[in-house]
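Visitor: I'm new to looking at proteins. Could you walk me through this one and tell me how you know each thing you say?

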Amino acid sequence: MLVTLHEILSDANERHYAVGAFNCLSLENVMGALEAAEELRSPIILQLAEVQFPEAPMELMAPLFLEAAKRSSVPVCVHLDHGQSLETCVKAIRLGFTSVMFDGAGLPFDDNVRMSKEVTRIAKAAGVDVEAELGKVGDAGDSMADVFTDVGESVRFVEETGIDALAIAIGNQHGHYVHTPQLNIQRLIEIHDAVGLPLVLHGGSGTSIEDFKACIRNGICKINVATAIQRGVMKRIKERLAQNPDEEYIPLKKVMTEASREVVTEHILLFKDPYPTSPRGGEKDPLYLPEGRR
Ligand SMILES: [Zn+2]
């Protein structure tokens, strides 16, 4: 069933798990992702980023995402990832996306507020939810200094914009990590306590299992996964071609769907159970923070 971001994330926020938001660029990705979600009886977010439009145009992907969501037996949110302009967000809303992200993280704070607020005003009129971003999520290779989301700014940002979910920067990075990132869980706790809104972690591929779990226990409700799917699919394609260099297209297509299912399954299982040992009923538990970051 097709649902909004708010519907999906409020349950996750209450019950302390995270919903995987998977960037899907193909029919194989979408079919694999939904098979995984249905098998695990888990909600899921299908998303497409504006930078991916050349390979997967939004106008073509929207009907696929939406029809797949409507036919699904689990809650599915169809989300625009990293909308770079108001126009793109409006286009996504017109196409039927149930949620849009406006990415103004690169803008000065006041411009980010103004734009995110405008996107939210338009989206809300159409019954669509909004994610926005504050602080800079690094790109692989960036230095970590001075890019963390500020707690005071988060509070102002959320109050002034009226968004439904906030993407934060706590040392997470997009793309392929050179080193496993060290996430600032203390900052996450402070932001979550201050804003009380579902928080989003971008750059999920390559994060350690321990860090994922610490994030989810402390307020992260949506985790974006893009690179891991692409890597997982390529790994399986290479394996198959190594076994049989003359493999045909249709069997390879099945390999791609199956690999997408595997990667999504692995992440859903990880995101739904954030407790490494005895669960404590979902309360905040700094005892389980990774070593050195308590
Ligand atoms: Zn992102």
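Guide: Sure, and let's start with a word we'll need: a contact means heavy atoms within 4.5 Å. Among contacts in the protein chain between residues at least 6 apart in sequence, 72% join residues at least 24 apart.
Guide: Some ground rules, too. This is a predicted model, where local features need pLDDT of at least 70, side-chain atom pairs count only at pLDDT 80 or more, and totals for chains, interfaces and linings use all residues. Residues are numbered from 1 along each chain as its sequence is written, and side-chain values use heavy atoms, leaving out hydrogens and water.

Visitor: How do you know how confident the predictor is?
Guide: That's pLDDT, the predictor's confidence in each residue, from 0 to 100. The protein chain has a mean pLDDT of 89, with 87% of its residues at 70 or more. Over residues 278-294, though, pLDDT stays under 50, and the model has 33 contacts beyond four places in sequence for them.

Visitor: What makes something a helix or a strand here?
Guide: Both are DSSP runs, numbered from the N terminus: helices are H or I with at least four residues, strands are E with at least two. By that rule, the protein chain has ten helices and eleven strands.

Visitor: Why is E67 called partly exposed?
Guide: Buried means under 20% relative accessible area, exposed means over 50%, and partly exposed is in between (1.4 Å probe, protein chains only). E67 has 37% relative accessibility, so E67 counts as partly exposed. You'll find E67 in helix α3, residues 58-71. The C-alpha atoms of E67 and L2 are 8.8 Å apart, although 65 residues separate the two along the chain. For the protein chain, 56% of the 294 residues count as buried.

Visitor: What makes a group of residues a nonpolar core?
Guide: The members must be buried Ala, Val, Leu, Ile, Met, Phe, Trp, Tyr or Cys residues, joined through side-chain atoms within 4.5 Å. The largest one has 73 residues, and I44, L46, V100, L166 and I223 have the most contacts inside it. Helix α10 (residues 249-272) gives this core its largest share, eight residues. Another core, of 14 residues, lies apart from it and includes V3, I8, C77 and A167.

Visitor: What does L46 touch?
Guide: Skipping residues up to four places away in sequence, L46 touches F22, C24, V30, A33, L34, F65, V76, C77, V78 and H79.

Visitor: Why is the pair D11 and R15 called a salt bridge?
Guide: The rule asks for a side-chain nitrogen of Lys or Arg within 4 Å of a carboxyl oxygen of Asp or Glu. The closest N and O atoms of D11 and R15 are 2.8 Å apart, so the pair passes. D11 and R15 are four residues apart in helix α1 (residues 5-15), so about one helical turn separates them. D11, at 26% relative accessibility, is partly exposed, whereas R15, at 57%, is exposed.

Visitor: How do you know that R156 and E160 make one too?
Guide: Their N to O distance is 3.6 Å, so this salt bridge fits the cut-off as well. Both lie in helix α6 (residues 151-161), four residues apart.

Visitor: And why is R261 called buried?
Guide: R261 has a relative accessible area of 17%, which means buried under our rule. R261 forms a salt bridge with E258, with the closest N and O atoms 2.7 Å apart. E258 is partly exposed, at 32% relative accessibility. Salt bridges with shared partners also join K235, R236, E239 and E262 into one network.
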